[in-house]
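The following exercises concern a single protein chain. Each task is followed by a solution in steps.

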Amino acid sequence: MQKKLYIHDMVYYQDNEITIRNLKESDAQIITDGEIAQGWDADKDKYLLRLKDQAEGRAVALAAEYCGEVCGYINVYPEPKYGAFAGFGYPEIVDFGVLEKYRNRGIGSKLMDVAEQIAAEYADTVYLGVGLHSGYGSAQRMYVKRGYIPDGSGVWYKDKICGQYENCCNDDDLVLYLSKKLR
């Protein structure tokens with residue numbers, strides 16, 4: 001029996017500055033506008049898809065607020081259909097981000113803490129894919145500090161292993177999968 005994942009208006013963490021809660025439809029435009037303002041190629045549809053997946057019980061879509069302002073997001077897919085560990089029974093953390101003007105305030109760490117707690121309800125291991133270009137540098141460092149290690153399959157490009165000497169582009173689709181034992 002699969003757990004029901006979507007609980008409307010659920011708050012997972014809250015202190016004087018940071019709140020981690022379920023993503024809402026109104027968050028999609030706020031995050032998209034914030035990403036566009038910092039020069040990212042952003043699309044509201046990505047967040048609407050996460051909300052749909054959450055409503056259908058396939059994901060837990062989370063948003064972070066800092067002093068009441070929406071500033072970040074992360075998603076947990078308990079039974080992912082793609083990636084290095086799809087079909088192994090391990091949850092995947094997908095689409096993690098904190099708007100640049102809110103970074104270095106502990107928001108990303110709290111998002112990861114909550115995502116890992118949710119993932120631990122389903123399995124003892126969680127995985128994620130991280131992009132390889134410099135735009136993912138802070139995420140790469142954070143994952144290593146949190147104990148994530150490469151899965152050993154090499155780099156993936158457009159949802160498949162990029163074979164030795166294959167051509168690829170260093171864009172958002174070039175990723176390395178990492179996993180972490182949660183317990």
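## Exercise 1: Salt bridges of helix H3

Task: Determine which residue forms a salt bridge with Asp 113, and state how the two are placed in helix H3.

Solution. In this predicted model, the partner of Asp 113 is Lys 110, and their closest N and O atoms are 3.9 Å apart. The cut-off for a salt bridge is 4 Å between a side-chain nitrogen of Lys or Arg and a carboxyl oxygen of Asp or Glu. Because Asp 113 and Lys 110 are three residues apart in helix H3, about one helical turn separates them. Next, consider accessibility: Asp 113 is partly exposed, with a relative accessible area of 26%, and Lys 110 also counts as partly exposed, at 25%.

Task: Identify the salt-bridge partner of Glu 116, and decide whether Glu 116 counts as buried or exposed.

Solution. Glu 116 forms a salt bridge with Lys 180, with 3.1 Å between the closest N and O atoms. This pair connects distant parts of the chain, since Glu 116 belongs to helix H3 and Lys 180 to strand E9, 64 residues apart. The limit for a buried residue is a relative accessible area under 20%. Glu 116, at 9%, therefore counts as buried, and Lys 180 is likewise buried, at 15%. Finally, a network of salt bridges links Lys 110, Asp 113, Glu 116, Arg 146 and Lys 180. The search of the whole structure finds 12 salt bridges.

## Exercise 2: A salt bridge at Glu 56

Task: Locate Glu 56, and name the residue whose side chain meets that of Glu 56 in a salt bridge.

Solution. Glu 56 is found in the loop between H2 and E3. Its side chain meets that of Arg 58 in a salt bridge of 2.6 Å, N to O. Glu 56 is partly exposed, with a relative accessible area of 42%, and Arg 58 is partly exposed at 35%.

## Exercise 3: The sheet and its helices

Task: Give the strand order of the open sheet, and state which strands lie at its edges.

Solution. The sheet has nine strands in the order E1-E2-E3-E4-E5-E6-E9-E7-E8, and the pairing is mixed. Its edge strands are E1 (11–14) and E8 (160–161), each of which pairs on one side only. Within the sheet, E3 and E4 are antiparallel, with seven bridges between them; Ala 64 stands opposite Gly 72 in E4. Helix H2 (residues 44–55) lies across E2, E3, E4 and E5 and runs at about 50 degrees to E4. H4 packs on the sheet as well, touching E5, E6 and strand E9 (174–181), and its direction makes about 155 degrees with that of E6.

## Exercise 4: Core and aromatic pairs

Task: Establish which element gives the most residues to the largest nonpolar core, and classify the ring pair of Tyr 47 and Tyr 73.

Solution. The core has 28 residues; among those that touch the most other members are Leu 62, Ile 107, Met 112 and Tyr 143. Among the elements that give two or more residues are strand E3 (60–66), helix H3 (107–120) and helix H4 (137–145). H3 gives the most, with seven residues. Tyr 143 touches, among others, Phe 96, Leu 128 and Leu 178.

For the aromatic part, a search of the whole structure finds 10 pairs. The ring centres of Tyr 47 and Tyr 73 are 5.1 Å apart and their planes stand at 75 degrees, so this pair is edge-to-face. The pair joins helix H2 to strand E4 across 26 residues, and both tyrosines, Tyr 47 and Tyr 73, are buried.

How values were computed
Residues numbered from 1 in each chain as written. Predicted model: local features only at pLDDT ≥ 70, side-chain atom pairs only at ≥ 80, totals over all residues. Heavy atoms only, no water. Core = buried A, V, L, I, M, F, W, Y, C linked by side-chain atoms within 4.5 Å. Buried < 20%, exposed > 50% of the residue type's maximum accessible area, 1.4 Å probe, protein only. Helix = DSSP H or I, 4+ residues; strand = E, 2+ residues; numbered from the N terminus. Contact = heavy atoms within 4.5 Å. Pairing = 2+ DSSP bridges. Axes fitted to C-alpha atoms, helices over the stretch in contact; angles between N-to-C directions. Phe/Tyr/Trp six-rings, centres within 6.5 Å; stacked < 30°, edge-to-face > 60°. Lists of a residue's contacts leave out its neighbours within four places in sequence.
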